[in-house]
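Reader: I am new to this structure. Please show it to me, and then explain the terms as we go.

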Amino acid sequence: MNTAEEKLWNYIDGTCTPAEQEAIRLQLEQDTAFAAKYRELLLLNSEFSAMELDEPPMAFTYNVIEGIRNEQALQPLKAAINKRIIRGISLLFIGMLSVILIYTFSKVSLSTGGTGINLFAKFTVPNFSKYFTGPVMQIFLFLDIVLALYLADNYLRKKRITKTDISVQPGVQQNDH
């Protein structure tokens, strides 16, 4: 859109200053092309105002809000992360790293001069290889799988119960417009 059209639209809408209105009024009287453009835009404006606006259906707002709720429900919640679990996992890793470091330092000997000094001469690491045989590992993995299934079932039951509690609340009326 050029500046002449913008000026005319502002004049038609009544958003220009009184000085601009006077300048446009003088230009309309003097310039026939400008006056023709003004009549064209005035006719277009009257057609726009004669049009009937379409109204959205009654349930439009409800459908939009439900769409937003469904979209937000798909996004993971940051607040759902339990900090105790994170701390427990970090403590487990720290413990495992400290055991590995202690085992490594117990096997290292520093030599000073020509004699070797064992850092942890009194510390002996038990031999766990006899406990990690085939059947023991199978029993351990079986118990881990059973525990994981139990925890998943418990989690899904709680999730289903909270969904039904939210969807059916006494005293709350749902608008189905």
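**Helix H3 and its two sides**

Author: The buried residues of H3 pack against helix H1 (3-13) and helix H2 (18-30). This is a predicted model: local features need pLDDT of at least 70, side-chain atom pairs count only at pLDDT 80 or more, and totals for chains, interfaces and linings use all residues. Residues are numbered from 1 along each chain as its sequence is written, and side-chain values use heavy atoms, with hydrogens and water left out.

Reader: What makes H3 a helix, and how many residues does H3 have?

Author: Helices are DSSP runs (H or I, at least four residues), numbered from the N terminus. H3 covers residues 32-50 and has 19 residues.

Reader: What span is expected for H3?

Author: The expected span is 1.5 Å times one less than the number of residues. For H3 that is 27 Å, and the helix reaches 27 Å from its first C-alpha to its last.

Reader: Which residues of H3 are buried?

Author: Phe34, Ala35, Tyr38 and Leu41 are. Buried means under 20% relative accessible area, exposed over 50%, partly exposed in between (1.4 Å probe, protein chains only).

Reader: Why are these buried residues said to be on the same side of H3?

Author: They cover an arc of only 125° around the axis, so they lie on the same side of H3. The arc is taken from the directions from the helix axis to the C-beta atoms.

Reader: Which residues are exposed on the other side of H3?

Author: Thr32, Ala33, Arg39, Leu43 and Ala50 are exposed there.

Conventions
Helix = DSSP H or I, 4+ residues; strand = E, 2+ residues; numbered from the N terminus. Contact = heavy atoms within 4.5 Å.
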